[in-house]
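This report describes the fold of a single protein chain, beginning with its sheet and ending with its cysteines. The sequence and model are shown below.

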Amino acid sequence: HFGPCSGLRAFWSSGNMSFAKVPEGITTKDEYDTCLGKLKFQDGLPDEPTVQKVYDNLDRSRAMHAFLDMIPLASMEAMRAGFASIGCDACHKACIFGSLM
């Protein structure tokens, strides 16, 4: 067979391939000790428990951010409920205080 890959196929099948050593600084270790526990990799790819740990951590992180982002909204709802309890229960009404709230 002759085609665009025929030369490449001949090169691979010849057995004359040599590869340069990969620099240590760009390789991925097989194990990392982290706050999530041991994260394990094989040839740079994570194993299933490592993938699950990382996704669980992302879920936990996003839940924490959602909670923290909603604290101001909860405060605004408490303020709205307080105003409604003293008669300021519609958007066209305003509360006037004789002293500090």
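Glu31 has Lys40, in strand S2, as its bridge partner. The model that shows this pairing is a predicted one. Strand S2 covers residues 37-42 and runs antiparallel to S1, to which four bridges join it. The wider arrangement is an open sheet of three strands in the order S1-S2-S3, with antiparallel pairing. Strand S1 (31-34) and strand S3 (45-46) each have a single partner strand and stand at the edges, so one side of each lacks a neighbour in the sheet. Helix H2, residues 48-85, packs on this sheet and touches S2 and S3. The direction of H2 makes about 130° with that of S2.

One residue of the helix, Thr50, illustrates this packing in detail. Thr50 belongs to helix H2 and is buried, with a relative accessibility of 2%. Apart from neighbours within four places in sequence, Thr50 is in contact with Lys38, Leu39, Lys40 and Phe41. A polar atom of the Thr50 side chain lies 2.8 Å from the backbone nitrogen of Lys40, the residue that is also the bridge partner of Glu31. The Thr50 side chain also makes a polar contact, at 2.6 Å, with the side chain of Asp47.

Taken as a whole, the protein chain has two helices and three strands, which follow one another from the N terminus as α-β-β-β-α. Of its 101 residues, 4% count as buried. Among contacts between residues at least 6 apart in sequence, 3% join residues at least 24 apart. The chain exposes about 9,100 Å², and carbon and sulfur atoms supply 63% of that area.

The cysteines remain to be considered. Why does the disulfide count come to zero? A disulfide requires two cysteine sulfur atoms within 2.5 Å. The sulfur of Cys88 has its closest cysteine sulfur in Cys95, at 3.1 Å, and is therefore too far away for a bond. For Cys91, the closest cysteine sulfur is that of Cys88, at 9.8 Å, which is again too far for a bond. The surroundings of these two residues can be set beside those of Thr50.

| Residue | Relative accessible area | Class |
|---|---|---|
| Thr50 | 2% | buried |
| Cys88 | 14% | buried |
| Cys91 | 85% | exposed |

Cys88 is thus buried at 14%, whereas Cys91 is exposed at 85%.

Conventions:
Residues are numbered from 1 along each chain as its sequence is written. This is a predicted model: local features need pLDDT of at least 70, side-chain atom pairs count only at pLDDT 80 or more; totals for chains, interfaces and linings use all residues. Side-chain values use heavy atoms; hydrogens and water are left out. Buried means under 20% relative accessible area, exposed over 50%, partly exposed in between (1.4 Å probe, protein chains only). Two strands pair if DSSP finds at least two bridges between them. Contact means heavy atoms within 4.5 Å. Axes are lines fitted to C-alpha atoms, for helices over the stretch in contact, and angles run from 0 to 180 degrees between N-to-C directions. A polar contact is a pair of N or O atoms within 3.5 Å; within protein, one must be able to donate a hydrogen and the other to accept it, and residues adjacent in sequence count only if both atoms are side-chain atoms. Accessible areas come from the Shrake-Rupley method with a 1.4 Å probe; for residues, only the protein chains shown count as cover.
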